[in-house]
Amino acid sequence: MKVHILLGPPGSGKGTQAKRLVQKFKLNHLSTGDILRDAVSQGTEIGLKAKAIMASGKLVDDDTVNGLVFARLQQGFEGDVLFDGYPRTLQQAEALGEFLSTQQIGLGFVVNVAVPDGVLEARVVGRRVCSNNACGAIYHVESKPPKQDGICDLCGSPLKHRSDDTAEAFRSRMVEFNATFQPILGFYGRQTHFRSVDGNRPPEQVFEFLVQLFSENA
Ligand code: AP5
Ligand code: MG
């Protein structure tokens with residue numbers, strides 16, 4: 001088992017690409033955003049703590065997020081894991097590195113989905129997601145509308161607007177991203193399997209690049 005990592009700003013397309021990669025390469029998708037949103041909707045202790053932080057676009061503390069991730073990894077997986085939205089601070093990257101080496105788990109690809117700031121807000125504000133967490137399909141009111149307004153094409157559940165997909169929360173997420181991203185790049189940019197992909201292209205083209213990369217099987 002290896003872990004692969006998708007990095008990138010809010011709205012860069014990590015979730016969109018992860019869902020397709022997971023299907024094609026039989027990976028296990030670990031999105032810390034999805035795990036935390038599940039915790040919020042279930043009203044767990046972590047969810048209660050994370051709810052307001054997430055809605056405001058701030059980051060949940062490193063120990064909480066690392067704890068959630070390591071607990072999942074310790075359960076074991078058939079096949080590789082694809083992280084989306086983790087690690088997101090230098091502390092998380094370092095803690096993950098230590099965890100992987102003690103558990104003798106390899107690091108596969110680290111891919112930065114690069115998208116210019118100017119196009120991200122419209123992607124995030126116009127995003128709609130399936131309210132059925134098990135499905136979680138991702139839409140956009142303009143660039144990827146569902147066939148029937150407000151209804152998921154895949155499972156028929158209602159679509160919803162994430163509580164942090166407002167212009168205000170988006171700006172706060174960008175502040176967090178800009179404060180944490182350079183140290184992460186410094187940490188992973190030296191890795192042999194680090195790549196950057198131009199995410200400011202149609203999703204299909206981004207996916208083609210990623211398929212080629214993952215076919216190399218790091
Ligand atoms: P998280 O859920 O990870 O959100 P994020 O990183 O802000 O990323 P998004 O999910 O907004 O964007 P995405 O890159 O997945 O884009 P998507 O594919 O959906 O985190 C949310 C919150 O949880 C954080 O703010 C924090 O509070 C907490 N959290 C999570 N992880 C944490 C951690 N490790 N540490 C601390 N706190 C953590 O696409 C976006 C839209 O664009 C969609 O509408 C889509 O249709 C469209 N789109 C996608 N690709 C394209 C394309 N190529 N061209 C045009 N449109 C596109
Ligand atoms: Mg996402």
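1. In this note a residue is called buried when its relative accessible area is under 20% and exposed when that value is over 50%, with partly exposed used for what lies in between. The structure under review is a predicted model, and the points below should be read with that in mind.

2. With those terms in place, helix α5 can be described from its two sides. The face turned away from the buried side of α5 carries the exposed residues E98, S101 and T102, whereas the buried residues of the helix are Q92, A93, A95, L96, F99 and L100. These buried residues cover an arc of only 165° around the axis, which puts them on the same side of α5. As background, an α-helix has 3.6 residues a turn, so residues three or four places apart point the same way.

3. What do the buried residues of α5 pack against? Their partners are two helices and three strands, namely α4 (62-74) and α7 (167-188) together with β1 (2-7), β3 (81-84) and β4 (106-114).

4. The length of α5 also deserves a remark: the helix runs over residues 90-103, which makes 14 residues, and it reaches 20 Å from its first C-alpha to its last, close to the 20 Å expected at 1.5 Å a residue. Just after the helix, Q104 takes a positive phi of about 55°.

5. Turning to the sheet that contains β5, 3 strands form an open sheet in the order β6-β5-β7, and the pairing is antiparallel. Strands β6 (138-140) and β7 (159-160) stand at the edges with a single partner strand each, so one side of each is left without a neighbour in the sheet. Strand β5, residues 127-130, pairs with β6 over 3 bridges in the antiparallel sense, and V129 stands opposite I138 in β6. Helix α6, residues 117-125, lies across β5 and β6 and runs at about 45° to β5.

6. The cysteines call for a careful reading, since the structure holds 0 disulfides. C135 is in no disulfide, and the nearest cysteine sulfur to its own, that of C152, is 3.7 Å away. Why is there no bond from C152 to C135? A disulfide is counted when the two cysteine sulfur atoms are within 2.5 Å, and the sulfur of C152, at 3.7 Å from that of C135, is therefore too far for a bond. Both residues are buried, C135 with a relative accessible area of 19% and C152 at 3% relative accessibility; for C135, the label rests on a cut-off of under 20%.

How values were computed:
Residues numbered from 1 in each chain as written. Chains lettered and ligands numbered in written order. Predicted model: local features only at pLDDT ≥ 70, side-chain atom pairs only at ≥ 80, totals over all residues. Heavy atoms only, no water. Pairing = 2+ DSSP bridges. Helix = DSSP H or I, 4+ residues; strand = E, 2+ residues; numbered from the N terminus. Contact = heavy atoms within 4.5 Å. Axes fitted to C-alpha atoms, helices over the stretch in contact; angles between N-to-C directions. Buried < 20%, exposed > 50% of the residue type's maximum accessible area, 1.4 Å probe, protein only. Expected span 1.5 Å × (residues − 1). Arc of directions from axis to C-beta.
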